[in-house]
Amino acid sequence: MAEITRLVPQPSPAPTGEVEEALYAVRQKIYPRAVTGVFARWRVFLVLFTQVVFYGAPWLTWGDRQAVLFHLVERKFYIFGLVLWPQDFIWLTGLLIISALSLFLFTAVAGRLWCGYACPQTVYTELFMWIERRIEGDRMKRMKLDQAPWTVHKMLVKSAKQAAWIAVALWTGYTFVGYFTPIKALGTEILTFDLGPWETFWILFYGFATYGNAGHMREQVCKYMCPYARFQSVMFDQDTLVITYDRKRGEPRGSRSKSADRIAQGKGDCVDCGICVQVCPTGIDIRKGLQYECIGCGACIDGCDQVMEKMNYPKGLIRYSTENALAGKYPERTITQHILRPRTAIYGTLLLVVMTAFSVTLAMRTPLRVNVIRDRAALERETSDGLIENVYRLQIMNMADKPRKFALSVAGIDGIRIEHDLKEVELPALGSRVVPIDVAADPANLKGTHTPIRVNVEARDDPGVKVETKSVFLAPAR
Amino acid sequence: MSDFTSGGWSLYVAVLTLVSVIGCAVFLKITSVKRDGAVDKIDTMGHTWDGDLAEYNNPMPKWWMWLFYLTVAFGVVYLILYPGLGSFAGVWGWSSVGQYQAEQQRAEAQYGPIFAKYAQQDLKALSQDPDAHKMGERLFLTYCAQCHGSDARGAKGFPNLTDNDWLYGGEPEKIQESIANGRAGMMPPMGEAIGGEQGVKEVANYVLSLSGANHDAALAAAGKPKFETVCGACHTPAGTGNQTLGAPNLTDKTWLYGGSEKTIVETITKGRNGHMPAHKDMLGDAKVHLLAAYVYSLSQGAAKPAQ
């Protein structure tokens, strides 16, 4: 069994000879060392890509409105040309299912890709760490600064860093709230000190969350709060690509000169430089094997590869590999052949099915919704002509982006009709209206007290846009 | 007002709550230190699963511990400010009744001026105002549609408010009176006074003849004198009705309970007891005023059915 690193401070013996040990550990701050390499470049690219999208999207316009806007007050979600109503919630559910299935799929294939490259916690921590590096300096400088006494210089540097962090955090909060209420109007409100209480609260809340999580909590979120780390073990299998240290190749570790013959000296490839530990954002030693704290960022791979290159050893002492490959079940070069296996095939198929259903149903959505509500207490009435009349209230929702006229009709009983010459209603773009209709039928044509009827609403300019709803026509017992 | 008969229960609840909340903090403090001397051995939680799977007892981060203490502190502060310790009302004196009253006051402050503005306007003018119309419509749908239908065209026993046939008068002030004070549309059973089953049949046919409906002429002729002497007291001998009493006009084609012979016979034999509840106390004068204007507008022809 591997040795464990206890994070407890050393116990101080009590006077009576009892030993007291605190069970809650003070956090040891981690100073990740900067690293460059293939995976570092991927991470930078993804930070830039995700943040350009996140910070940029609310500023795009579509016609005369914001292109991406989840307008909570209006209760409409705008995504470019698509307008989603609360009744379209099922597609949000579909989106969540697609997200979950794709997460399971790529995690089964290549481990914690989400954590290491795309998760906002990682992305914002990297952003804040970059700011810290630019202002405070590299790893050694940062550690020295923290140990130094409080001089004017230290105060200035620390204040500059905090100011930069707070500025980024507030801008993030502002952008986030700008997805839910028009961002330009929000900006004007901020500048004129006219911000409403709720907007203020949420901007500060998200700003504080960004500042707290990315500036201070960092790996504590991954290690203690996020459930994803804990259930990764059920999403991995022995063919999942994980970042791992090649123990067979690296051990026994030890420093040696570059020109030395390591095989003759009986040493493995690992020079015990400790760079893989220094670059790790969660502060683990990957040489101990797969750990739940490892977010799969690949910084240790980049760090070790650089050293291997300097030593003229082959790269990949720390690399992506699978448990089965390391155990020798198949050669490493055939790893990709094992990507397709029952687990991934099932996830992939399910994902494909759900994505197809999602796209097809969304594309074929009828831009019209109708609910029919029968008048409750006043069940039915007899008109002066001897007809039986029921009152219904139609809630018609025009989900198209333009005003439309809709034709109303009823069917289900011989001669049933809508009274008072109500044949047509007009609705504004993205509007909804309640239209009461009086429906009359000749009692001679009625077969009982309850007769099912159908109410049809059809767009005048497009017969394809129509909805038929069912209701019941009541008549007195004869 | 406490539902408990003894004040001792309040103390019981208070003590239990405080002991639990503060006990959490005490428990946390006690268990955050270990005293057993052996620190070198690898410390596991003590259970093994699947043969050799064990769980280390690694320390939790200190910030978690401080967050826990913070929640305990929050709990204590909360219990001082809000009710939670038995019948102690809390320093801020919050109650759900108080919250409701505060909400009512806010609504009164916000909507009161609007209602007051409309309450002063003349009903006929108000019936033309589109905003007042919308408010009246919403009020109607909430309070009146259950009986009169959401299109206000009524049902058996509940008058049609969109026509020009009024039992008590269709002037705006009369409508307001009906809504505010209610109406009792009582017709006494007249079977005995009219002359039994045969007499009722004759009078019913005469009534049908008044509005030009199909009837038996012989029976109607026999019923005419009976109608004029007995029924005419309320309905006038000509049958045109009396709005002071609320006696319907029998010469038109509008029937509150139905115009078939069978229904008219039932009406005469058993009487009728229509009841319009008084809304003054429930709604207040301002809302009644708006409703009166709205209902009046319905019978003026230009108004559309309720939206």
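Q: How does α6(A) pass α8(A), in a left-handed or a right-handed crossing?
A: The crossing of α6(A) with α8(A) is right-handed (near helix turned clockwise from the far one by less than a right angle; anticlockwise would be left-handed). This is a predicted model, where local features need pLDDT of at least 70 and side-chain atom pairs pLDDT 80 or more, while totals for chains, interfaces and linings use all residues. Residues are numbered from 1 along each chain as its sequence is written, with chains lettered from A and ligands numbered from 1 in the order written.

Q: Where are those two helices, and at what angle do they pack?
A: In chain A, α6 covers residues 152-177 and α8 covers residues 197-217 (helices are DSSP runs of H or I, at least four residues; strands are E, at least two). They pack at about 130 degrees, with axes 7 Å apart (lines fitted to C-alpha atoms over the stretch in contact, angles from 0 to 180 degrees between N-to-C directions).

Q: Which residues of α6(A) and α8(A) meet?
A: On α6(A) they include A:W165, A:I166 and A:F176, and on α8(A) they include A:E199, A:W202 and A:Y211 (C-beta atoms, placed from the backbone, within 7 Å).

Q: OK, chain B. How many helices and strands?
A: Chain B has 13 helices and six strands.

Q: And what does its C-alpha trace span?
A: About 120 × 50 × 45 Å along the principal axes of chain B.

Q: Back to chain A, which domains is it divided into?
A: Domain 1 takes 34-58 + 88-164 + 189-365, and domain 2 takes 368-474 (bounds from an automatic or database assignment). Taken over C-alpha atoms, the centres of these two domains of chain A are 58 Å apart.

Notes
Contact = placed C-beta atoms within 7 Å.
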